[in-house]
Amino acid sequence: TLLEQITQQAKDASYNGINLLYRTGTDKAENSLKVAFNENGTSSLTIEGSKLDSDGLGLASITGGFQSDDEINKALTAITTATSQLRAQSSTFGSNLSVVQNRQDFSKNLINILDTGSANLTNADLNEEAANSQALSTRQSIGISALSLANQANQGILQLLR
């Protein structure tokens, strides 16, 4: 009964149609997940699933009912091996998760930087732009006045010389 429950839990552990804990055959591509990190798929991570049902863990039912030391030792050895296999797969999934989370954090930060940059380019401060416009208009008026005064001075000198 316990072996059937282990197998059933492995079969039920699927997400979006991919079950990383159970497969029917020996082909690792059957339950692998490819995570693409860019739009053209040149940077990706393939997460290989395992066969972690009772058969994949090497657990078999005991027919003798644990009546001998040999049966008990075989069961303990099988459980120890299965536990080691589960820990190794857990470690592999954990390192894959770290890679995916790091890439996700990087992508989120890059998106935030690009959003801020585009907002700075498109959202102008109206008060600052009005002040800049007024300053340019004032500079233009002063320049025109200066040219006018210089021109009048030249005209005055010409009249004296005549």
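Okay, let's start with F66: at 47% relative accessibility, this residue counts as partly exposed, because the exposed class only begins over 50%. Keep in mind as we go that this is a predicted model.

So where does F66 sit? You'll find F66 in the loop that runs between β2, residues 44–48, and α2, residues 69–122. F66 also has company on the surface: together with I62, I72 and L76, F66 makes up a nonpolar patch. Add up the accessible area of those four and you get about 340 Å².

Now, two of those patch residues turn up again when we look at the largest pocket, since I62 and F66 are both among its lining residues. The rest of the lining is T1, L2, L3, I6, L59, A60, S61, A75, A78 and I79. Which elements give two or more residues to that lining? Those are α1, residues 2–12, and α2. As for the space inside, the largest pocket holds about 270 Å³.

Let me move on to another loop residue, G41. This glycine is in the loop between β1, residues 32–36, and β2. G41 is partly exposed too, with a relative accessible area of 27%. What does G41 touch, once you set aside its neighbours within four places in sequence? The contacts are K34 and A36.

One last distance for you, and then I'm done. Take G41 and T81, which are 40 residues apart along the chain. Go from C-alpha to C-alpha and the separation is 37 Å.

Terms used
Residues numbered from 1 in each chain as written. Predicted model: local features only at pLDDT ≥ 70, side-chain atom pairs only at ≥ 80, totals over all residues. Heavy atoms only, no water. Patch = residues over 30% accessible without salt bridge, like charges linked within 9 Å, V, L, I, M, F, W, Y side chains within 5 Å. Areas by Shrake-Rupley, 256 points an atom, 1.4 Å probe, with all protein chains shown as cover. Salt bridge = Lys/Arg side-chain N within 4 Å of Asp/Glu carboxyl O. Helix = DSSP H or I, 4+ residues; strand = E, 2+ residues; numbered from the N terminus. Buried < 20%, exposed > 50% of the residue type's maximum accessible area, 1.4 Å probe, protein only. Contact = heavy atoms within 4.5 Å. 1 Å grid on protein atoms, 1.4 Å probe; cavity = no way out; pocket = protein on both sides within 12 Å on 5 of 7 lines; lining within 4 Å. Points joined across faces, edges and corners; volume = space filled by probe spheres on them.
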